[in-house]
Amino acid sequence: MTEVDARRTSDGPDTNPPIEGRDPVPAAVDWLLGAVAAAVGFVLTAVGIGLYARVDRTLIAEVLTAENTEVNGLTTAEAITAGVPFVDWFSAGIAVTGLGLVAAAVRFVRARRRTRRRVASEGGSTATFWASAVYGAAVTALVSFVPGAGIVGGGLAAYIQETDSGARIGGVAGLVGWALTAPLLVFFAVGLLVGADAVGMLADGVVLVGIVVVGELVALAFNVGVGALGGYLVDRFV
């Protein structure tokens, strides 16, 4: 055997390489996260269905009349007329958001099981890009009462994932949490438009929806920005 052949033999891949996998987050966390998300989703679905079934024109009229509630620019009769379709659409949005959260939880747990089986047999890391972003989004939601919670979530996502740009994965972690509420925003906006149209104030409804959408986009930019900042800080100093 030549020297080159000997070198190739010694440097080549082992026919039975040891199976090694980087697993920074225990599998139990995946199940816990999926279970909590699914439970919240089921609660939202039940609330949405309950509102849709129980809140009708009579109940809205009773609430507005009993509490002497005033809606700027609308008479009581107009507020009742606008409130019926708005509540219907908003209730449907809550239910759809809940079902979406349940579906996302199931898909997350199934994807994590596939990833862990692959890593167990082939090696590599269970800390995939999207899983790390979901972990970061979950932590952001958990500590949302703390100012700048997105920095914590984005930083955690970057710390877990390690190999990608910290700012990038931190920003995506901020995006994930917002994306789950997008269906509710859509149904809320449609409800406003339909309710405004019911009382002949569609133009005012469009303006109001525009304000809401701009506010949500600002919130999205903020969430992505602070998440990216958290990821960058971890990249830079940890």
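These numbered points go through the fold, the salt bridges and the surface patches of the structure above.

1. **Status of the model.** This is a predicted model. Residue numbers start from 1 along the chain.

2. **Overall make-up.** The protein chain holds nine helices and two strands. In sequence order the pattern is α-β-α-α-α-β-α-α-α-α-α. Of its 238 residues, 32% are buried. The chain exposes about 14100 Å², and carbon and sulfur atoms supply 67% of that area.

3. **Contact range.** Take the contacts in the protein chain with a separation of 6 or more. Residues 24 or more positions apart account for 76% of them. The salt bridges below give examples of pairs from distant parts of the chain: Asp 30 and Arg 112 are 82 residues apart.

4. **Salt-bridge count.** How many salt bridges are there? The count comes to three. Side chains of opposite charge can pair when their charged atoms come close. Here Asp 23, Asp 30, Arg 112 and Arg 116 are linked in a network of salt bridges.

5. **Asp 23 with Arg 116.** These two side chains meet in a salt bridge, at 2.6 Å from N to O. Asp 23 sits in the loop between strand 1 (21–22) and helix 2 (27–54), while Arg 116 sits in helix 4, so the pair ties together parts that are 93 residues apart in sequence. Is Asp 23 buried or partly exposed? Asp 23 counts as partly exposed because its relative accessibility is 41%, and buried means under 20%. Arg 116 has a relative accessible area of 15%, so Arg 116 is buried.

6. **Asp 30 with Arg 112.** This salt bridge has its closest N and O atoms 3.4 Å apart. The pair links distant parts of the chain, with Asp 30 in helix 2 and Arg 112 in helix 4. Asp 30 counts as buried, at 3% relative accessibility. Arg 112 is also buried, at 3%.

7. **Arg 116 with Asp 30.** Which residues does this bridge tie together in sequence terms? Arg 116 lies in helix 4 and Asp 30 in helix 2, so the pair joins parts that are 86 residues apart in sequence. The closest N and O atoms are 2.8 Å apart. Arg 116 and Asp 30 are both buried.

8. **Surroundings of Asp 30.** Asp 30 belongs to helix 2. What does Asp 30 contact, leaving aside its neighbours within four places in sequence? The partners are Phe 108, Val 109, Arg 112, Arg 116 and Tyr 135. Two of these names, Arg 112 and Arg 116, also appear in the salt-bridge network.

9. **Positive patch.** Arg 107, Arg 110, Arg 113, Arg 114 and Arg 117 gather on the surface in a patch of positive charge. One of them, Arg 117, is found in helix 4 (residues 76–122). Helix 4 also carries Arg 112 and Arg 116. Those two arginines take part in the salt-bridge network. Arg 112 is buried at 3% relative accessibility, and Arg 116 is buried at 15%. Patch residues must have over 30% relative accessible area and no salt bridge.

10. **Nonpolar patch.** Which residues form the nonpolar patch on the surface? They are Ile 151, Tyr 159, Leu 229, Tyr 232, Leu 233, Phe 237 and Val 238. Together they have about 720 Å² of accessible area. Helix 6 (149–161) and helix 9 (202–237) are the elements that give two or more residues to the patch. Helix 9 supplies the largest share, four residues.

11. **Two patch members.** Ile 151 has its place in helix 6. Its relative accessibility is 31%, so Ile 151 counts as partly exposed. Tyr 232 lies in helix 9. Tyr 232 is partly exposed too, at 45% relative accessibility.

12. **Links made by Tyr 232.** Which residues does Tyr 232 touch, not counting those up to four places away in sequence? Tyr 232 touches Gly 166 and Ala 167. The C-alpha atoms of Tyr 232 and Ile 169 are separated by 9.3 Å. Along the chain, Tyr 232 and Ile 169 are 63 residues apart.

Key: Predicted model: local features only at pLDDT ≥ 70, side-chain atom pairs only at ≥ 80, totals over all residues. Heavy atoms only, no water. Patch = residues over 30% accessible without salt bridge, like charges linked within 9 Å, V, L, I, M, F, W, Y side chains within 5 Å. Areas by Shrake-Rupley, 256 points an atom, 1.4 Å probe, with all protein chains shown as cover. Salt bridge = Lys/Arg side-chain N within 4 Å of Asp/Glu carboxyl O. Lys, Arg positive; Asp, Glu negative; His and termini not counted. Charge placed at Lys NZ, Arg CZ, Asp CG, Glu CD. Buried < 20%, exposed > 50% of the residue type's maximum accessible area, 1.4 Å probe, protein only. Contact = heavy atoms within 4.5 Å.
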